Amino acid sequence: MTAHFAAFSFVDRITECVAGTRARGVFWVPQGIQAFPPCLVAEAVGQLAAWVAMSKVEFRGRPMAALATETRFQGVVLPGDVLQLAVDIEDCDDDIVAYGGSAFVEGRQVIGLEHCLGPMLPVEDFDAPDVLRERLELLRTQGAPRGRFHGVDLPEAILTEHVPGESLRAILSVPRHATFFDDHFPRNPVFPATLLLDSQIRLAAQLVKTSCGPQFASP
């Protein structure tokens, strides 16, 4: 059974979409998962931007590994929360997409992304364009079934070097097979940059905790 649009997809419905300009959407964080890390909130905002960008170029391309000039993690998202997503497109063509975005829970902002830039790569290298068109239509009308996401098994980072108070080094082994590759992506598996960022943040928090005490290492 395929996990396409379930294993690593974080837009359940697009509530507003101005062609190639802006979009608003919703993701219902499933109640039954253990946690929804901040980096997955960033992923949700990026995925909403990707839907706008793919539609703008008529599914010739899709954004890949967008970089943000500034990312502000401003709050915790819990299982059962409703994420209100927003993106504003600054520029988009067959080569790049530039955008800013944010996410809110009950009116409080939990993340802000400023001046994101992502290269556009051929859609057909990663997924079926017709399937993506059908999915976008579903998101813009009745919305997708809720609760499809069951969490992500994060690969463990193995520490290789620790200089107390100064640095940590680790190796992260990317799995050959993982459920999230069904969404990221069916035709060409790519390890999500947001999961890599999550591992980096966890490593930094561990360094802070061992250097300054646990009170300084909270997410």
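**Entry 1: second largest pocket**

I looked up the second largest pocket in this predicted model and noted a volume of about 560 Å³. I then listed its lining, which comes to 28 residues. For the residues nearest the pocket centre, I wrote down E43, A65, A66, A193 and T194.

Next I asked which elements give two or more residues to this lining. I found two helices' names on that list, helix 1 (38–56) and helix 3 (193–212). The strands I noted there are strand 3 (61–63), strand 4 (67–73), strand 6 (96–105) and strand 7 (108–122). Helix 1 gives the most, with 6 residues.

I also sorted the lining by class. I recorded 20 nonpolar residues, against 6 polar and 2 charged ones.

**Entry 2: strand 5 and its partners**

I turned to strand 5, residues 82–92. I looked for its pairing with strand 2, residues 22–28, and found the two antiparallel, with 7 bridges between them. As one position in this pairing, I noted V26 of strand 2, which stands opposite Q84 in strand 5.

Strand 5 also pairs with strand 6: I read 8 bridges, again in the antiparallel sense. Which residue of strand 6 is the bridge partner of D91? I found A98.

I then checked how strand 5 is joined to strand 6. The connection is a hairpin through 3 residues.

**Entry 3: cross-reference**

I set the two entries side by side. Strand 6 appears in both: I have it giving two or more residues to the pocket lining, and I have it bridged to strand 5.

Definitions and conventions:
Residues numbered from 1 in each chain as written. Predicted model: local features only at pLDDT ≥ 70, side-chain atom pairs only at ≥ 80, totals over all residues. Heavy atoms only, no water. 1 Å grid on protein atoms, 1.4 Å probe; cavity = no way out; pocket = protein on both sides within 12 Å on 5 of 7 lines; lining within 4 Å. Points joined across faces, edges and corners; volume = space filled by probe spheres on them. Helix = DSSP H or I, 4+ residues; strand = E, 2+ residues; numbered from the N terminus. Nonpolar A, V, L, I, M, F, W, Y, C, P; charged D, E, K, R; others polar. Pairing = 2+ DSSP bridges.
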